[in-house]
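Q: I'm new to this structure and would like a close look at one part of it. Could you walk me through the strand pairing around a single strand, and then what lies about it?

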Amino acid sequence: MSEMIHTPAPNHKPHHGTVASYVIGFLLSLIFTLVPYYLVVQKILEGNVLVTTIIGFAVLQLIVQVVFFLHLGREKKPHWNLIFLLATVGIILMVVVGSLWIMHHLHYNMSATDVRDKVASDEGVYQIQGTPTGTCANGTGENYKVELKDNRAIPDHVEAKQCDTLTIINLDAAPHDIRFGSHEMLIPYAGEDGKNIRPGRNMIITLTELGTHTLHDHTQHDLSASFTVNR
Amino acid sequence: MATEQGHVAESHEAQANDRIGFGFWVYLMTDLLMFAVLFATFAVLRSNTFGTPEYHELFSLPLALAETLILLTSSFTAGLGMLAAGRGDKVQVLTWFGITFLLGLTFLGLELKEFSEFIHEGYTWRSNASLSAFFTLVGTHGLHITSGLLWMGTALVFIWKRGLNAPLVRKLTLLSLFWHFLDVVWVFIFTIVYLMAFA
């Protein structure tokens, strides 16, 4: 049988190690898996101590695998494989620690709240879900009025500056459901959806978002007005 | 004279094996670098969940432990298979690597089960940055396991048909390196993705 001839000679084992070393490696790897699992499930340690400990066990596990399964450092000198592994680990530490470090500082210096506030300020959003964003925090300017009377808006156009206010007063006997944008496409103004204004009541908005915008009564077609906010 | 020639041929083969082994090791290290980048991505993006549940509500820790134990055991049986290959014991090689193959298949099945459950519940790689990073990291490892299984399957068929010749033993040596390597990567996935979600 030709296969017998090609069987590798015993003095040139492709793989080192014995059954005993594999069994020891296997048992150690089981221990280094079950201990951190137990620590996490039983909540014996907490917080950073726990995180550090389980990462420590992962590193121990790595060493066990490298020594008992990958048989590193047992090849002839020079230990190219081991040197290459150490170089790789060095690069990995730079990439991983560096990424986490930089991203942590990025988060620290510019949290999600900072980003939101910056966008809100740039876009002139006055409030997000009822919370003022800080735009026009130095106070408001002039107040403009739009009266809703006989199902018409008077005046139907207002020119204002940023941080002025606009008061929409309902002088009719029926409520007006005031929304921003067009009938077909409602667009919230500066984070405001609009409001159903009952007879005799009003609604005040702060003009933070720049540009020309329209408002209308969503329950009827002909009532609409526009306003332009300049810097 | 004849023995001398045989000796020379063998040392040539040993040198070739060393070179191939080192070349494969270089591949493994570059693969490790890729996994390191995926780990870093996951670590940075893991909290960007955009409204999906926290990982400790999503993961089943016993399942992750089962996957880990299965893969550790398969690494062990692959090692025993290599010892059998060193002895030239074809039946034991087929047995141990057969067990390794089945364990690897079970691992892959459990991983796919977990993925399909997530997707079924509506948590996919498209949900948010955190889940994208999770699926990429764990899925890349799963793809490696899949290719390892294909490699192992074909090697076992060849060994079964042709017996243990030197090229096949060399193939098994590289394969077992690959398999132990995937075991190491999984240990870090188990720790950093799964255990740390509950820490």
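A: Let's start at a pair of residues facing each other: L148(A) stands opposite N170(A) in β6(A). That pair belongs to a parallel pairing, in which 6 bridges join β3(A) to strand β6 (residues 165–170) of chain A. Two strands are said to pair here if DSSP finds at least two bridges between them, and the elements themselves are DSSP runs numbered from the N terminus, with helices (H or I) of at least four residues and strands (E) of at least two. As general background, strands of a sheet pair through backbone hydrogen bonds, either parallel or antiparallel.

Before going on, please note that this is a predicted model, where local features need pLDDT of at least 70, side-chain atom pairs count only at pLDDT 80 or more, and totals for chains, interfaces and linings use all residues. Residues are numbered from 1 along each chain as its sequence is written, chains are lettered from A and ligands numbered from 1 in the order in which they are written, and side-chain values use heavy atoms, leaving out hydrogens and water.

Now for another partner of this strand. β3(A) is also joined to β4(A), by 3 bridges, and these two run antiparallel. Here K149(A) stands opposite R152(A) in β4(A). β3(A) and β4(A) form a hairpin with 2 residues between them. D150(A) sits in the loop between β3 (143–149) and β4 of chain A, and its phi is near 50°, a positive value in a residue other than glycine. What happens after β4? The peptide bond from I154(A) to P155(A) is cis, with omega near -10°. P155(A) lies in the loop between β4 (152–154) and β5 of chain A. For comparison, most residues other than glycine have a negative phi, and most peptide bonds are trans.

Following the chain to β5 brings us to another sheet. Five strands make up this open sheet, in the order β5-β11-β10-β7-β8 (chain A), with mixed pairing. Its edge strands, each pairing on one side only, are β5 (157–161) and β8 (194–197) of chain A. Within this sheet, strand β10 (residues 211–217) of chain A runs antiparallel to strand β11 (residues 224–230) of chain A, and 6 bridges join them. One residue pair to look for there is G211(A), whose bridge partner in β11(A) is V229(A).
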